[in-house]
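Please find below my notes on the model, set out as numbered points. They begin with a single pairing inside one helix and work outwards from there.

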2 protein chains.
Amino acid sequence: MKTSTPRPAGRPRSQEADTAILSAALDLLIENGAGQTSIEQVARRAGVTRATVYRRFADKTALLVRALEWINHDHDPDFTGWRDIDHMFDDWAAHLAVTRNRRLLRRLYGSVDDYPELMKTYHEVNGGLRATVVRQMLVRTREEGLLPAERDLDVVQEMLTAAVINHLGSHPDDEGAPAIKAYFLAIMRQFGYRPA
Amino acid sequence: MKTSTPRPAGRPRSQEADTAILSAALDLLIENGAGQTSIEQVARRAGVTRATVYRRFADKTALLVRALEWINHDHDPDFTGWRDIDHMFDDWAAHLAVTRNRRLLRRLYGSVDDYPELMKTYHEVNGGLRATVVRQMLVRTREEGLLPAERDLDVVQEMLTAAVINHLGSHPDDEGAPAIKAYFLAIMRQFGYRPA
């Protein structure tokens, strides 16, 4: 239906199409990887035309980057932190116990040579608030005497990231949250962590 | 040239074709990843026919698995260990300072969902002798009092692997061997390592 008045500039985009496109992009990224995902496939999976996708996203990279922001940030806008480091590992373990999350993170890592923008965006989105809160957890843990005073928290924090990536690559996808939490705690103990 | 006598069963295969095929397979794996590599491309790159490749390898996975064994094991048949843990980190840093090695390892990790056989083979080939020698280095380091007696060497060893994977994903490819060695030593210090 044509209208005689021009559409106002700031009007909301079609939310349904947005959601369908971003969901389809994430599904295809997880199933096939960034290299094997195309705008055409995303449009087909989302049930929209290619033109509908291109009106929103300049290219595949822009689409995948937005899909990552959407799943990582928009879905959890109320995140303000964890109660303590034990709660943080509960949260990480629950996240890593979900195969879909694991495959998405592996696809991200696996795209580093072909689509460096994806990893960069993931780091920016996750690296802001979340990295700050992880650091706060580590600082507090050390202040409470549960980590040795001489620990370099830059290195410890980087090793926790390394532990996540390693887990995705060398532990089975059905390991379960309790075992994953135990994995993180065993690593922390090697850094001298002693729970209260 | 035809010969009237049948070829003996155990005769050496054409070494040149073998080398050309395995080199081409590795190059394409590094450049494009396992998913984007085909037997046809490998044959073209190696300057042989597809039939020549298929006489040696049943399929792409068998070819890539053999190429990994070839680069990781056959190239270094005389490896018997490192002098000490410092020498081990020198060796790791030198290896990780070469972009081609980094890209190969990233492609391996990136293939985990599409070609789990590749990662498995890499672990088997590298996981045998090398893992044993890494463990010996850690045991000796702890025995010499350079690591706290209570360290769980299973966890420390797994975290050194994690550190390698993490470095590949989040440090620049031109970092250089001295900085990479410093990275490993900084991690070891968080485990309580104190060099002699």
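1. In this predicted model, A:Arg66 and A:Glu69 lie three residues apart in helix H4 (residues 60-74) of chain A, and are therefore separated by about one helical turn. Their side chains meet in a salt bridge, with an N to O distance of 3.3 Å. Neither partner is buried: A:Arg66 counts as partly exposed at 29% relative accessibility, and A:Glu69 is likewise partly exposed, with a relative accessible area of 27%.

2. A second pair deserves to be read alongside the interface, since B:Asp114 forms a salt bridge with A:Arg107 in which the closest N and O atoms are 2.9 Å apart. B:Asp114 lies in the loop between helix H6 (99-110) and helix H7 (116-127) of chain B, whereas A:Arg107 lies in helix H6 of chain A, so the pair joins two chains. The surroundings of the partners can be stated separately: B:Asp114 counts as partly exposed at 37% relative accessibility, while A:Arg107 counts as buried because its value of 6% is under 20%. The counterpart with the chains exchanged is also present, in that the side chains of B:Arg107 and A:Asp114 meet in a salt bridge (2.9 Å, N to O).

3. How many salt bridges does the rule find across the interface of chain A and chain B? The number is six, and the count over all chains comes to 28. A network of salt bridges links A:Arg102, A:Arg103, A:Arg106, A:Asp173 and B:Asp113, and I would suggest viewing these residues together. In general terms, side chains of opposite charge can pair when their charged atoms come close.

4. The interface as a whole buries about 2800 Å² between chain A and chain B, and 52% of this area is on carbon and sulfur atoms. On the side of chain A, A:Tyr109, A:Asp113 and A:Gln190 lose the most area to chain B, together accounting for 25% of what that side buries. The contact takes 35 residues from chain A and 35 residues from chain B, and 14 residue pairs between the two chains are in polar contact, with both residues at pLDDT 80 or more.

5. Which elements give two or more residues to the side of chain A that touches chain B? They are helix H6 (99-110), helix H9 (153-170) and H10 of chain A, and the largest share, 12 residues, comes from H9(A). By residue type, that side of chain A divides into 14 nonpolar, nine polar and 12 charged residues.

6. Within chain B, a salt bridge is formed by B:Asp86 and B:Lys181, whose closest N and O atoms are 2.8 Å apart. This pair links distant parts of the chain, given that B:Asp86 is in helix H5 (residues 85-96) of chain B and B:Lys181 is in helix H10 (residues 177-190) of chain B, 95 residues away. B:Asp86 counts as partly exposed at 30% relative accessibility, whereas B:Lys181 counts as buried at 17%.

7. Two further buried residues are worth inspecting. B:Thr141, found in helix H8 (residues 129-143) of chain B, is buried with a relative accessible area of 4%; leaving aside residues up to four places away in sequence, B:Thr141 touches B:Ile85, B:Leu146, B:Leu147 and B:Tyr193. A:Arg56, in helix H3 (residues 50-56) of chain A, is also buried, with a relative accessible area of 16%, and the side chain of A:Arg56 reaches the backbone oxygen of A:Thr52 at 3.2 Å.

8. As for the overall architecture, the secondary structure of chain A comes to 10 helices and zero strands. Of the 196 residues of chain A, 45% count as buried, and among contacts in chain A with a separation of 6 or more, 69% are accounted for by residues 24 or more positions apart.

9. Finally, a word on confidence: chain A averages a pLDDT of 88, and 89% of the residues score at least 70. Among the elements of chain A, the lowest mean pLDDT (76) belongs to helix H7 (residues 116-127) and the highest (98) to helix H10 (residues 177-190). Over residues 1-12 of chain A the pLDDT is below 50, and beyond near neighbours in sequence this stretch has zero contacts in the model. Where pLDDT is low, the predicted coordinates should not be read in detail.

Methods
Residues numbered from 1 in each chain as written. Chains lettered and ligands numbered in written order. Heavy atoms only, no water. pLDDT = per-residue confidence, 0-100. Helix = DSSP H or I, 4+ residues; strand = E, 2+ residues; numbered from the N terminus. Contact = heavy atoms within 4.5 Å. Buried area = accessible area lost by both parts, 1.4 Å probe. Salt bridge = Lys/Arg side-chain N within 4 Å of Asp/Glu carboxyl O. Polar contact = N/O pair within 3.5 Å; in protein donor to acceptor, adjacent residues only side chain to side chain. Nonpolar A, V, L, I, M, F, W, Y, C, P; charged D, E, K, R; others polar. Buried < 20%, exposed > 50% of the residue type's maximum accessible area, 1.4 Å probe, protein only.
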